[in-house]
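Welcome, and please take a moment to look over the molecule shown here. Let us walk through it together.

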Amino acid sequence: MIFITAKFPVKPEHADEWPEISRAFTEATRAEDGCLWFDWSRSLDDPTEYVLVEAFRDDAAGGAHVQSEHFREATSSLPGYLSATPKIVNATVDGTQWSELGEMAVGE
């Protein structure tokens, strides 16, 4: 799978509204056939930073994502709400789902 984590530095005046601002893009991406997950979190250390964790089934699904109309719309409209260019880590990894963290296994 293609596994991506990106940090989005949102302008302070838009930080509280970011989930709504990015909602159409988020919903359209989650509806893509090859999207495994597309999840936002807000940083505990910086309330203006949102972290996106996303995964796509394979290269073809990732390619379809970046060629989509909603991706083009997002790359056009969302930067106006950001204070800096997002940082990203993009890797190809085996599997198509989360693995358990064995070192913190919860007993039954």
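What follows is a short tour, from the overall layout to a core, a buried residue and a pocket.

This is a predicted model, in which local features need pLDDT of at least 70 and side-chain atom pairs count only at pLDDT 80 or more, while totals for chains, interfaces and linings use all residues. Residues are numbered from 1 along each chain as its sequence is written, and side-chain values use heavy atoms, with hydrogens and water left out.

Let us begin with the layout. The protein has 4 helices and 4 strands, where helices (H or I, at least four residues) and strands (E, at least two) are DSSP runs, numbered from the N terminus. Starting from that end, the elements follow the order β-α-α-β-β-α-α-β. The C-alpha trace spans about 45 × 35 × 20 Å along its principal axes. Of the 108 residues, 31% are buried, meaning under 20% relative accessible area, with exposed over 50% and partly exposed in between (1.4 Å probe, protein chains only). Contact means heavy atoms within 4.5 Å; among contacts between residues at least 6 apart in sequence, 73% join residues at least 24 apart.

Now step inside. A nonpolar core is a set of buried Ala, Val, Leu, Ile, Met, Phe, Trp, Tyr and Cys residues joined through side-chain atoms within 4.5 Å. The largest one here has 17 residues, and F8, V10, W18 and F56 have the most contacts inside it. Two or more residues each come from β1 (2-9), β2 (35-42) and β3 (49-56), with β1 giving the largest share, 4 residues. Apart from this core lies another, of 5 residues, including M1, V51, V53 and A55.

Strand β3 also holds E54. Which side chain of opposite charge is nearest to E54? That is R30, 9.9 Å away, and E54 is buried yet has no salt bridge. Here Lys and Arg count as positive and Asp and Glu as negative, with His and the chain ends not counted; a salt bridge is a side-chain nitrogen of Lys or Arg within 4 Å of a carboxyl oxygen of Asp or Glu. Leaving aside neighbours within four places in sequence, E54 is in contact with I2, F3, I4, W37, F38 and H65.

E54 turns up again at the largest pocket, which is lined by 22 residues; F8, E54, F71, T75 and I88 lie nearest its centre. A pocket is found on a 1 Å grid over the protein atoms alone, as an open set of points where a 1.4 Å probe fits, with protein on both sides within 12 Å along at least five of seven lines; lining residues have an atom within 4 Å of a point. The largest share of this lining, 4 residues, comes from β1.
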